[in-house]
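This report goes through the side-chain contacts of one protein chain. It takes up charges over rings, ring pairs, salt bridges and cysteines in turn.

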Amino acid sequence: MRYPDGGGLTAVERARREEVRLAAAELIEAGASDREVARRFRVSRMSANRWRRALAGGGREALASKGAGGARCKLSAAQLGELEAVLDAGPAACGYADQCWTLSRIADLVWQRFGVEYTLAGMDLLLHRAGWSLCRRRHKLHYADLRVMPTSRPGWQVAA
């Protein structure tokens with residue numbers, strides 16, 4: 001399952017579902033039909049049949065949870081910590097004139113520092129999992145001289 005917040009199942013939820021599959025295995029071994037298993041555990045008959053085939057092919061071990069899904073992170077925990085420190089320092093610390101991190105800038109930074117290549121979509125996912133979020137300006141600036149930009153609007157900064 002995929003959720004908008006990047007979730008999926010927690011370890012507790014995966015363990016609970018594994019218990020359901022193992023309980024269903026007892027019914028299947030007792031001779032229950034796919035329809036009976038599906039009704040008892042409130043799953044589709046297709047899931048019950050998939051469990052039956054897995055049980056026949058690999059025993060109860062085939063019904064065990066395989067852990068969290070999705071691709072593994074290409075960066076180590078230490079590298080992720082270093083990346084977060086660099087991002088916290090801001091783009092100016094990396095030589096950029098403005099205070100705006102973009103996915104392509106961060107992907108270039110990861111390539112230069114760690115030798116790991118990410119697509120922009122992959123970088124977006126990595127940052128989301130690390131707790132970073134995308135920020136977009138709500139208003140376009142129509143001022144030629146940023147020093148006269150009004151400061152009363154929330155989120156706007158005066159350029160020095």
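Arg 40 sits over the face of Phe 41, 4.9 Å from the ring centre. The model is a predicted one. A second contact of this kind involves Lys 74, which lies over the face of Tyr 118 at 4.9 Å from the ring centre.

**Aromatic pair**

The structure contains 1 aromatic pair. It is made by Tyr 96 and Trp 101, whose ring centres are 6.1 Å apart and whose planes meet at 75°, so the pair is edge-to-face. The angle decides this, because planes over 60 degrees apart count as edge-to-face. Tyr 96 is partly exposed, with 27% relative accessible area.

**Salt bridges**

Side chains of opposite charge can pair when their charged atoms come close. The count here is 4 salt bridges. The table lists some of them, including the distance between nitrogen and oxygen.

| Acidic residue | Basic residue | N to O distance |
|---|---|---|
| Glu 29 | Arg 60 | 3.0 Å |
| Asp 34 | Arg 52 | 2.6 Å |
| Asp 98 | Arg 105 | 2.7 Å |

The side chains of Glu 29 and Arg 60 meet in a salt bridge. Glu 29 belongs to helix H1 (residues 11–29), while Arg 60 is in the loop between helix H3 (45–58) and helix H4 (77–89), so this pair ties together parts that are 31 residues apart in sequence. Arg 60 is partly exposed, at 31% relative accessibility.

Arg 52 and Asp 34 also meet through their side chains in a salt bridge. Here the partners come from two helices: Arg 52 lies in helix H3 and Asp 34 in helix H2 (residues 34–41), so the pair ties together parts that are 18 residues apart in sequence. Arg 52 counts as partly exposed at 24% relative accessibility, whereas Asp 34 counts as buried at 17%. The two labels differ because buried means under 20% relative accessible area.

Asp 98 forms a salt bridge with Arg 105. In this pair, Asp 98 is partly exposed, with a relative accessible area of 34%, and Arg 105 is buried, with a relative accessible area of 19%.

**Cysteines**

How many disulfides does the structure hold? The number is 0. Cys 73 is partly exposed, with a relative accessible area of 37%. Cys 100 is likewise partly exposed, at 36% relative accessibility.

Notes:
Residues are numbered from 1 along each chain as its sequence is written. This is a predicted model: local features need pLDDT of at least 70, side-chain atom pairs count only at pLDDT 80 or more; totals for chains, interfaces and linings use all residues. Side-chain values use heavy atoms; hydrogens and water are left out. A disulfide is a pair of cysteine sulfur atoms within 2.5 Å. Buried means under 20% relative accessible area, exposed over 50%, partly exposed in between (1.4 Å probe, protein chains only). Rings of Phe, Tyr and Trp (its six-membered ring) pair if their centres lie within 6.5 Å; planes under 30 degrees apart count as stacked, over 60 as edge-to-face and the rest as tilted. A charge sits over a ring if NZ of Lys or CZ of Arg is within 6 Å of the ring centre and within 35 degrees of the ring normal. Helices (H or I, at least four residues) and strands (E, at least two) are DSSP runs, numbered from the N terminus.
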